Amino acid sequence: MLIEAAHRAEAAAKEMLALVDAGSASCSEMREALEVSKAFMAVGSAFQASAAQVIAKAERHGDGGAEVLAASTGLSRREAQSQVKTAETLREAPKLRDAVADGRLSIANAKQLATAVERTSAADVNADGELLAKAESMRPEQFAREARRWAVEREGDSGASEHSRQRARRCVRMWNGDDGMVRLYGEFDPVTGRRIHNRLRAEARRLYDADRKHASSGRADRRNFDQCMADALDHLTANRTNGAKPFADICLVAHVDDATGDLVAELPNGSRLPQPVLEELACYARFTGVIYDRKGRAIWRAQSVRCATEAQRQMLIARDGGCFACGVHPDVCDVHHVRPVSQGGPTSLDNLVLACWRCHTKIHHFGWRIHGPPGNRTLHPPDRVTCGPAEAPEEAALFKPRPEPEPDPQQARAGPDATRAGLIAARAILRETRAQREAVGTGARSPG
């Protein structure tokens with residue numbers, strides 16, 4: 001009986017297509033038929049997911065039926081997994097399942113409701129008749145926003161959970177297409193996505209306007225705006241270490257706490273930064289040392305210098321080969337200060353390592369520790385008991401604040417050395433007077 005019903009549905013669909021192709025149907029008839037097709041397409045999708053789930057359960061596939069559905073219907077594995085997941089979720093909400101079976105609820109809106117069930121509960125979604133009515137009447141792009149707002153209001157944390165989920169899903173992928181072009185795909189949380197969007201549009205607008213100035217000259221290679229967006233991405237991610245001004249994402253202000261002597265960092269609006277965040281930003285930032293008097297007037301200012309030069313990075317690549325902990329390629333590595341800059345760590349090769357983004361995050365946000373001498377350092381979880389040459393007790397001195405060398409007057413104009421000498425002098429003044437403040441403005445580029 002099932003096979004006969006499937007063949008009848010196929011024959012009916014072919015008959016509908018033949019009538020449209022023959023031109024024998026009026027516009028009003030086709031509009032009405034399209035409304036009906038919405039129902040049988042939704043029912044057909046529900047049938048496919050249910051049949052695949054039954055087969056997978058009977059044959060113990062263990063994947064909920066995604067592979068059966070993908071192989072039998074021609075869907076991609078991702079689409080099949082999404083369809084199976086939606087069907088499983090809607091089983092807990094009878095009203096939603098019935099709406100899909102009756103064809104009143106589109107596949108796209110059913111997925112949005114399934115997501116709302118996961119974020120809240122099936123009981124909450126079932127009990128809200130207004131939400132179901134909107135799902136039946138709204139277009140998918142409209143209902144997607146409505147469902148997100150509904151779920152955020154029910155979670156009661158002002159969107160913190162939603163933002164955390166979006167951050168966990170962020171990704172960028174690149175691959176080579178069959179036509180020789182390189183494909184780029186990315187997903188970002190709304191804040192990061194808007195920042196990236198604004199940067200690209202600003203640079204693309206500059207390129208587009210520059211091309212427009214030459215339009216009267218009859219240039220045949222004038223770029224459209226999408227092409228300018230692509231070139232903007234290339235420009236903004238280009239290497240800017242060879243004397244060019246670096247791109248600054250944010251500015252931080254830091255001062256030495258008079259009571260504790262610790263470096264305290266804030267955003268210009270006064271928001272305090274956690275110490276791990278400050279130390280992470282300090283690994284790849286420009287620093288400007290400034291001393292203020294009691295009235296807030298600047299009385300000394302150093303030159304802005306980058307923590308690690310390109311020459312130092314090349315020497316680190318030659319020494320470490322890649323990430324010092326996992327050996328990943330240096331292209332995805334940052335330069336990390338073993339002893340943080342905020343604790344007086346110098347920007348010297350002995351105090352620098354290459355750390356991939358994953359290992360860098362472990363160090364700054366999960367308390368992982370670096371052991372061992374320069375060139376033979378290892379990374380260990382917090383409070384791990386270790387033994388061996390790389391973790392010998394005498395190596396602990398590497399992680400204690402070391403005395404700073406006295407500034408050399410002859411190097412007062414020697415770039416990074418001059419800045420370090422100025423900062424040393426500034427710290428000496430602060431220790432002696434305890435009444436002056438030190439501010440450090442940083443322009444930091446976010447990794448990746």
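**Entry 1: cysteines.** I looked first for disulfides in this predicted model, and the count came to zero. I then asked how far the sulfur of C323 lies from the closest cysteine sulfur. That neighbour is in C326, at 3.6 Å. A disulfide requires the two sulfur atoms to be within 2.5 Å, so I recorded the separation of C323 and C326 as too far for a bond. I also looked up the accessibility of C323: the relative value is 2%, and the residue counts as buried.

**Entry 2: the whole protein.** I noted the totals next. The protein has 448 residues, of which 31% count as buried. Its secondary structure consists of 16 helices and 12 strands. For the accessible surface I recorded about 27500 Å², with 54% of it belonging to carbon and sulfur atoms. I also looked up the sequence range of the contacts. Among those between residues at least 6 apart in sequence, 52% join residues at least 24 apart.

**Entry 3: α4 and α6.** I turned to the packing of helix α4, residues 77-90, on helix α6, residues 107-119. Their axes are 9 Å apart, and the angle is about 60 degrees. I therefore entered α4 as oblique to α6. The crossing of these two helices is left-handed. Which residues of the two helices meet? On the α4 side I listed S82, K85, T86, T89 and L90. On the α6 side I listed A110, K111, A114, V117 and E118.

**Entry 4: α8 and α9.** I examined a second helix pair, made up of α8 (residues 129-137) and α9 (residues 140-155). The axes come within 10 Å and cross at roughly 160 degrees. Angles over 145 degrees count as roughly antiparallel, and I therefore assigned α8 and α9 to that class. I recorded the crossing of α8 and α9 as left-handed. The contact involves L131, K134 and A135 from α8, together with F143, E146 and W150 from α9.

**Entry 5: R60.** I closed with a backbone angle. Most residues other than glycine have a negative phi. R60 has a positive phi, near 55 degrees, and is not a glycine. Where is R60 found? I located R60 in the loop between α2 (27-59) and α3 (66-73). Is R60 buried or exposed? Its relative accessible area is 77%, and I entered R60 as exposed.

Notes
Residues numbered from 1 in each chain as written. Predicted model: local features only at pLDDT ≥ 70, side-chain atom pairs only at ≥ 80, totals over all residues. Heavy atoms only, no water. Helix = DSSP H or I, 4+ residues; strand = E, 2+ residues; numbered from the N terminus. Buried < 20%, exposed > 50% of the residue type's maximum accessible area, 1.4 Å probe, protein only. Contact = heavy atoms within 4.5 Å. Areas by Shrake-Rupley, 256 points an atom, 1.4 Å probe, with all protein chains shown as cover. Axes fitted to C-alpha atoms, helices over the stretch in contact; angles between N-to-C directions. Parallel < 35°, antiparallel > 145°, perpendicular 65-115°, else oblique. Left-handed = near helix turned anticlockwise from the far one by under 90°.
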